[in-house]
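Dear colleague,

I am passing on the structure we spoke of, so that you can look through it before reading my notes. Please open it first and then compare your impression with what I have written underneath.

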Amino acid sequence: MASRPDDARAARQAALVLAGTGLLWIGAQILGGRLGWDTRIAILFDLAALAGFTWALVTTWRIWRRRQGK
C-alpha cells in the first residue's frame, strides 16, 4: 500500500480510472459494432480511452517515483 494518505488516495483513483476506462471502452466497442456506428465515433472512444489510460499510467508512475525516494 502507499505510504502516504495522498498516495493511497491517488492510487485508488488511478485504479478506478483504469477499471472504468476499460469497461467503458469495451462497452463502446460492443455497442458501436452492434449499432453500426461510424468509424469516426469508434476513434473518438479510442482516443478518450487512450487519454484515461495515459492519465492513470502517469499517476501511477508519479506515486512509484515518490515512493522510490523514501
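What follows is a short account of the overall shape, the helices and the surface.

Please bear in mind that this is a predicted model. The protein chain contains two helices and zero strands, and its C-alpha atoms fill a box of roughly 50 × 15 × 10 Å along the principal axes. In keeping with that outline, the radius of gyration is 16 Å, where a compact globule of 70 residues would have one near 11 Å.

Helix 1 covers residues 5-35, and because each of its 31 residues should contribute 1.5 Å, a span of 45 Å is expected, with which the 44 Å between its end C-alpha atoms agrees. Just after helix 1 comes Gly36, which adopts a positive phi of about 70°, and helix 2 then takes in residues 39-68.

As for packing, 20% of the 70 residues in the protein chain count as buried. Those in helix 1 are Asp7, Ala8, Ala10, Ala14, Thr21, Gly22, Ala28 and Gly32, and these buried residues pack against helix 2. If we consider the contacts between residues at least 6 apart in sequence, 70% of them join residues at least 24 apart.

Turning to the surface, the protein chain exposes about 5400 Å², of which carbon and sulfur atoms supply 67%. The chain carries 10 positive and 4 negative charges, and the mean positions of these two sets lie 9 Å apart.

With best regards

How values were computed
Residues are numbered from 1 along each chain as its sequence is written. This is a predicted model: local features need pLDDT of at least 70, side-chain atom pairs count only at pLDDT 80 or more; totals for chains, interfaces and linings use all residues. Side-chain values use heavy atoms; hydrogens and water are left out. Helices (H or I, at least four residues) and strands (E, at least two) are DSSP runs, numbered from the N terminus. The radius of gyration is taken over C-alpha atoms; the globule rule is 2.2 Å times the number of residues to the power 0.38. Buried means under 20% relative accessible area, exposed over 50%, partly exposed in between (1.4 Å probe, protein chains only). Contact means heavy atoms within 4.5 Å. Accessible areas come from the Shrake-Rupley method with a 1.4 Å probe; for residues, only the protein chains shown count as cover. Lys and Arg count as positive and Asp and Glu as negative; His and the chain ends are not counted. The place of a charge is taken as NZ of Lys, CZ of Arg, CG of Asp or CD of Glu. The expected span of a helix is 1.5 Å times one less than its number of residues.
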